[in-house]
Structures are given as structure tokens and as C-alpha cells.
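Biologist: Please take a close look at one part of this model, the nonpolar core and what lies around it. I am new to this, so give the cut-off for each term as you go.

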Amino acid sequence: MKERPHLIPSIIAILMLLGSLGHWPYGYYTLLRFIVCGTSAYIAFIAYSNRSTWAVWVFAIMAVLFNPIAPFYLGREIWQVVDFISAILIIIGVIRVRKPQKG
């Protein structure tokens with residue numbers, strides 16, 4: 001668990017992203033933006049510390065896409081595809097991105 005400090009926020013983000021494929025009130029999607037943006041930024045930071053360039057780019061772009069301050073307005077069908085792909089990318093991030101070892 002110490003080498004994957006992003007595991008719990010990632011699981012929450014994955015579950016919410018997959019849950020967003022259903023119909024929810026607007027507040028759910030606002031909360032989803034906060035959680036996915038924060039989780040993506042955190043994974044990008046860990047990836048940067050680990051010198052994993054591909055993950056820094058992928059999760060930084062996800063953090064910008066899901067940012068709640070200046071949201072992107074896309075159609076429901078497009079967001080469903082983006083949400084599903086984002087859930088898969090976070091799963092890959094959990095598997096591939098680890099906290100750097102000190103020493």
C-alpha cells in the first residue's frame with residue numbers, strides 16, 4: 001500500500017466514472033469532476049516524481065479535462081465515452097505508476 005498511495009482515491013474515481021454511465025442529478029457530475037481532477041493530478045504528481053513521462057501527460061490532460069473550475073461542455077454521449085476511457089486509464093495508472101523508492 002505504501003508504494004501505491006493513490007489506490008483508494010483511484011478506486012473511488014473509477015467507481016464514480018463507471019457509475020456516471022447511468023442517469024444522475026447534475027450534482028453527481030460536479031462531484032465526479034472534483035474527484036477525477038484531484039485523483040488525476042495526484043497520479044500525475046506521483047508519475048512526475050517517478051519520471052514516468054507518459055503518465056504525467058495522460059493524467060495532466062485528464063486533470064484539465066475534468067477540472068471543475070472551467071469545465072468543458074460536451075454532449076452526454078461524448079462524456080460517456082470519455083468517462084469509460086478515463087476509468088480504464090486510471091486502472092492502468094494504478095497498475096503502472098508506483099511511488100518512487102528512496103535510496
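Modeller: A residue counts as buried when its relative accessible area is under 20%, as exposed when it is over 50%, and as partly exposed in between, using a 1.4 Å probe and the protein chains only. The model is a predicted one, with pLDDT of at least 70 needed for local features and 80 or more for side-chain atom pairs, while totals for chains, interfaces and linings use all residues. Residues are numbered from 1 along each chain as its sequence is written, and side-chain values use heavy atoms, with hydrogens and water left out.

The whole chain comes first, as the setting for the core. Its secondary structure consists of four helices and zero strands, where helices (H or I, at least four residues) and strands (E, at least two) are DSSP runs numbered from the N terminus. The order of elements from the N terminus is α-α-α-α. The radius of gyration, taken over C-alpha atoms, is 14 Å, close to the 13 Å from the globule rule for 103 residues, so the chain is as compact as a globular protein of that length. That rule is 2.2 Å times the number of residues to the power 0.38. Along the principal axes, the C-alpha atoms fill a box of roughly 50 × 25 × 20 Å. Of the 103 residues in the chain, 35% are buried.

Now the core. A nonpolar core is a set of buried Ala, Val, Leu, Ile, Met, Phe, Trp, Tyr and Cys residues joined through side-chain atoms within 4.5 Å. In soluble globular proteins, nonpolar side chains tend to be buried together. The largest nonpolar core here contains 24 residues, and those with the most contacts inside it are Leu17, Leu32, Val36, Phe59, Phe66, Ile90 and Val97. At least two residues of this core come from each of α1 (7–19), α2, α3 (53–65) and α4. Helix α2 gives the largest share, nine residues.

Phe59 shows what the packing looks like around one core residue. Contact means heavy atoms within 4.5 Å. With neighbours within four places in sequence left aside, Phe59 touches Ser40, Ala41, Ile43, Ala44, Leu89, Ile90 and Gly93. Across the chain, if one takes contacts between residues at least 6 apart in sequence, 66% of them join residues at least 24 apart.

Several nonpolar residues are not buried. Ile12 sits in helix α1 and is partly exposed because its relative accessibility is 41%. Its C-alpha atom is 8.8 Å from that of Val36, although 24 residues separate the two in sequence. Val36 is one of the core residues with the most contacts. Leu15 is also placed in helix α1, but its relative accessible area of 58% makes it exposed. From Leu15 to Leu32 there are 17 residues in sequence and 10.0 Å in space, C-alpha to C-alpha.

In helix α2 there is Phe34, which is partly exposed at a relative accessible area of 49%. Phe34 and Ala13 lie 21 residues apart along the chain, with 9.6 Å between their C-alpha atoms.

Two loop residues complete the picture. Leu21 belongs to the loop between α1 and α2, and it is partly exposed because its relative accessible area is 33%. Not counting neighbours within four places in sequence, Leu21 is in contact with Arg76, Gln80 and Phe84. Trp79 is 58 residues from Leu21 along the chain, yet their C-alpha atoms are separated by 8.7 Å.

The other is Arg51, in the loop between α2 and α3. Arg51 is exposed, with a relative accessible area of 77%. Most residues other than glycine have a negative phi, and most peptide bonds are trans. Arg51 has a phi near 60 degrees, a positive value in a residue that is not glycine.
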